[in-house]
Amino acid sequence: MSVEIPEISFVIPCHNEQDNLRALVEAIRKTADPLKRAYEIVITDDFSPDNSWTVLKELAAADERVRGLRSAFNCGQSAALWAGMKAARGKFIVTLDADLQNDPRDAPKLLAALEHYDCACGTRIEARSQGDGFVRIASSRIANWVRNKLTGENIADAGCCYRAFKRECVVDLKFFKGMHRFLPTLFKIEGFTVTEIPVRHNPRSAGQSHYGVWNRLFASFYDLLAVRWMQRRMFKYKITERVN
């Protein structure tokens, strides 16, 4: 029996999240089922050394809406996210982390914003005090300030990967390492509209964070310079008529 073509694709990169995957999929189901819209859950296991892939295969066997990808080697968050987005079939794509700090219950309001915008980005500014410590909050705010300063942006929480956007936003994107941090700006470069929506930020209940002060403040600096170059040098065009 053929699987119904999904309208919404939940796309999730995963690394060492064996203890979160079952709860994550169940939380997405509880949120998405009442919407009465066809959906799929696409999870890319970025070559986790734990049992994430085994758990993911079990989830996929029990529910055909769960689709699993596994990297041949550890590629990083951007590559895992990009692989999932390319595999996604939905008209609308929702990206979130696998650690349950992004709350699936916020997905409906992100999707609702797509009635007026091409992309809705989650912002955790008001909620982060409940889920993160001082060092993580401070490093994230400093990194966000630097990004906005160099790109001329006003994104309040560029580090939040909880987003909903129309499929066409990623059709012509240029893939590069670290791109997940700059998706709102990349969408704007392509001429799409972006808004921000406050979302919850839950404490991590299992596993360990893979990103710290170094990742936020220094590792993305070269990526930031690349995005700034793209803002200045990329051009847009639109064909109005064709013959033959």
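# Exercises: salt bridges, rings and a buried helix

E7 has a relative accessibility of 27%, which puts it in the partly exposed class. Keep in mind that the model is predicted.

**Exercise 1. Get your bearings: work out how many helices and strands the protein has, and what share of its residues is buried.**

Step 1. Count the elements: the secondary structure amounts to 8 helices and 7 strands.

Step 2. Now look at burial. The protein has 244 residues, and 49% of them count as buried.

Step 3. Check the contacts. Take those with a separation of 6 or more: 81% of them come from residues 24 or more positions apart.

Step 4. Finish with the surface. Its accessible area is about 12,800 Å², with 54% belonging to carbon and sulfur atoms.

**Exercise 2. Find the salt-bridge partner of R37 and say which parts of the chain the pair ties together.**

Step 1. Look for the partner: the side chain of R37 meets that of E7 in a salt bridge, at 3.1 Å from N to O.

Step 2. Place both ends. R37 sits in the loop between α1 (21-32) and β2 (39-45), while E7 belongs to the segment before β1 (8-14), so the bridge ties together parts 30 residues apart in sequence.

Step 3. Compare the exposure. R37 has a relative accessible area of 27% and is partly exposed; E7 is also listed at 27%.

**Exercise 3. Take the salt bridges R200–D106 and K166–D118, and decide for each aspartate: buried or exposed?**

Step 1. Start with R200 and D106, whose closest N and O atoms are 2.7 Å apart. This pair links distant parts of the chain: R200 is in the loop between β7 (194-198) and α7 (213-219), D106 in the loop between β4 (92-95) and α4 (107-112), and 94 residues separate them.

Step 2. Apply the cut-off: buried means under 20% relative accessible area. D106, at 2%, is buried, whereas R200, at 34%, is partly exposed.

Step 3. Move on to K166 and D118, with 3.4 Å between the closest N and O atoms. Here too the pair links distant parts: K166 is in strand β6 (residues 163-166), D118 in the loop between α4 and β5 (119-123), 48 residues apart.

Step 4. Use the cut-off again: D118 has 15% relative accessibility and counts as buried.

Step 5. Zoom out. The structure holds 13 salt bridges, and a network of them links E26, R29, D33, D63 and R65.

**Exercise 4. Describe how β2 and β3 pair, and which helix joins them in a β-α-β unit.**

Step 1. Check the direction: β2 and strand β3 (residues 66-70) pair in the parallel sense, over 5 bridges.

Step 2. Pick one bridge as a handle: I41 has V66 in β3 as its bridge partner.

Step 3. Add the helix. Helix α2 (residues 52-62) goes with β2 and β3 to make a β-α-β unit, and the unit is right-handed.

**Exercise 5. Classify the aromatic pairs F10–Y39 and W82–F175 from their ring geometry.**

Step 1. See what there is to work with: a search of the whole structure turns up 3 aromatic pairs.

Step 2. Take F10 and Y39. Their ring centres are 6.1 Å apart and their planes stand at 90 degrees, so this pair is edge-to-face. F10 lies in strand β1 and Y39 in strand β2, so parts 29 residues apart in sequence are tied together.

Step 3. Check burial: F10 is buried at 4%, and Y39 is buried at 5%.

Step 4. Take W82 and F175: with 5.9 Å centre to centre and 25 degrees between the planes, they are stacked. W82 lies in helix α3 (residues 77-87) and F175 in the loop between β6 and α6 (183-189), so the pair ties together parts 93 residues apart in sequence.

Step 5. Look at exposure once more. W82 is buried at 12%, but F175 is partly exposed at 41%.

**Exercise 6. Follow W82 into its helix: how many residues of α3 are buried, and what covers them?**

Step 1. Count: 8 of the 11 residues of α3 are buried, so the helix is largely enclosed by the rest of the structure.

Step 2. Name them: Q77, S78, A80, L81, W82, G84, M85 and A87.

Step 3. Identify the cover, which includes β1, β2, β3, β4, β6 and α6.

Conventions
Residues are numbered from 1 along each chain as its sequence is written. This is a predicted model: local features need pLDDT of at least 70, side-chain atom pairs count only at pLDDT 80 or more; totals for chains, interfaces and linings use all residues. Side-chain values use heavy atoms; hydrogens and water are left out. A salt bridge is a side-chain nitrogen of Lys or Arg within 4 Å of a carboxyl oxygen of Asp or Glu. Helices (H or I, at least four residues) and strands (E, at least two) are DSSP runs, numbered from the N terminus. Buried means under 20% relative accessible area, exposed over 50%, partly exposed in between (1.4 Å probe, protein chains only). Two strands pair if DSSP finds at least two bridges between them. A crossover is right-handed if, with the strands pointing away from the viewer, the path from the first strand over the helix to the second runs clockwise. Rings of Phe, Tyr and Trp (its six-membered ring) pair if their centres lie within 6.5 Å; planes under 30 degrees apart count as stacked, over 60 as edge-to-face and the rest as tilted. Contact means heavy atoms within 4.5 Å. Accessible areas come from the Shrake-Rupley method with a 1.4 Å probe; for residues, only the protein chains shown count as cover.
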